[in-house]
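The exercises that follow concern charged side chains and one loop residue, and each task is followed by a solution in steps. Please keep the sequence and the structure in view while working through them.

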Amino acid sequence: MVAQPLSRSPGEDHLGATLVLALIVHALIITQLHFNARPPPADDPASSLDVVLVQWASEAPPEEADFIAQANQRGGGEAELAERPASPPPATPAGEPAPARPADATLRQAGSVQDFIAARDERAELAQSDQTEQEPATLPDARTLLNQTRELVQSRPDPLAENVVVPKRPRRKFITANTREHLYAAYMRAWVGKVERVGNMNYPEEARRRNLEGSLVLSVDVLADGSIERVQVLRSSGFELLDEAAVRIVRLAAPYAELPPEIRKETDILTITRTWQFSASGGMN
């Protein structure tokens, strides 16, 4: 007995063909797709947009634009070739308020201003202090230098001080017409007698002619050798002529007798004070 082959229906053949075609299409799709996990590069034109900011706009758009901007602009340059224009910082349109500055930015700016002022003041103080230190010291005047030199000399011991001879102060004896000591009274009488003799011989003729009379007090310093050291008018006669005549007569009578050794033991200068009388008839006494 011979087996008969199974016969297929037309519907089963159409389903098989559809499955085969679907497998082929999926295989083609899978082989053509590629997945890339890396991000596109930064310089990819598709990832950034270069927009130029212009300061003014044209009513009509350009026929062929060279750059992308926020407004239409025609004939914005003078170069023959198209060059990218410099983009100035956007200005605030007229009539619109400026954007408010954040509070922290204002504080930072105020702080920077204060820091700048403080640094400037510190530099000024340093410059002033340097100038003060560099200023030369004021020189002392002549009087200050003289006083400092004198103090220095006085403070230092003199190496020749032991050899310096300090003169002894002279001893002086004062006598008058009332002196009762025998030694001085005898010398004074001899001295007065000589002055009267010289005075009567040299009495001023003008005083006689004018009949001038008067008394005056003279102080005469007689040294040990009988010479005159000084003659003073202690009380004037009222007439300059008589005062000058009395001084001249005393000097004309010098030198006088030397002081006796007994007097020189006690004194170096004998000062004689006496009243002299001038009269037209009696002369000088």
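**Exercise 1.** In this predicted model, arginine 172 and aspartate 221 meet through their side chains in a salt bridge, with 3.5 Å from N to O. Work out which parts of the chain the pair ties together, and state whether each partner is buried or exposed.

*Solution.* Begin with the elements: arginine 172 belongs to strand E1 (residues 172-175) and aspartate 221 to strand E2 (residues 214-223), so the salt bridge ties together parts that are 49 residues apart in sequence. Next, take the accessibility of each partner, for which buried means under 20% relative accessible area and exposed means over 50%. Arginine 172, with a relative accessible area of 35%, is partly exposed, whereas aspartate 221, at 1%, is buried.

**Exercise 2.** Find the salt bridge that aspartate 221 forms with arginine 230, and determine which residues are joined into one network by salt bridges that share partners.

*Solution.* The side chains of aspartate 221 and arginine 230 meet at 3.2 Å, N to O, and arginine 230 is partly exposed, with a relative accessible area of 40%. Through shared partners, the salt bridges join Arg172, Asp221 and Arg230 into one network. A search of the whole structure finds 6 salt bridges, and the pairs treated here are among them.

**Exercise 3.** Which elements hold the two partners of the salt bridge between arginine 274 and glutamate 196?

*Solution.* First establish the pair: arginine 274 forms a salt bridge with glutamate 196, and their closest N and O atoms are 4.0 Å apart. Arginine 274 is in strand E4 (residues 269-279) and glutamate 196 in helix H4 (residues 182-201), and the pair thereby links distant parts of the chain, 78 residues apart. As for accessibility, glutamate 196 is partly exposed, with a relative accessible area of 22%.

**Exercise 4.** Locate threonine 179, and describe what its side chain reaches.

*Solution.* Threonine 179 lies in the loop between E1 and H4, and its relative accessibility of 18% counts as buried, because the cut-off is under 20%. The side chain of threonine 179 reaches the backbone nitrogen of threonine 176 at 2.9 Å. When neighbours within four places in sequence are left aside, threonine 179 is in contact with Tyr184 and Ala185.

Key
Residues are numbered from 1 along each chain as its sequence is written. This is a predicted model: local features need pLDDT of at least 70, side-chain atom pairs count only at pLDDT 80 or more; totals for chains, interfaces and linings use all residues. Side-chain values use heavy atoms; hydrogens and water are left out. Helices (H or I, at least four residues) and strands (E, at least two) are DSSP runs, numbered from the N terminus. Buried means under 20% relative accessible area, exposed over 50%, partly exposed in between (1.4 Å probe, protein chains only). A polar contact is a pair of N or O atoms within 3.5 Å; within protein, one must be able to donate a hydrogen and the other to accept it, and residues adjacent in sequence count only if both atoms are side-chain atoms. Contact means heavy atoms within 4.5 Å.
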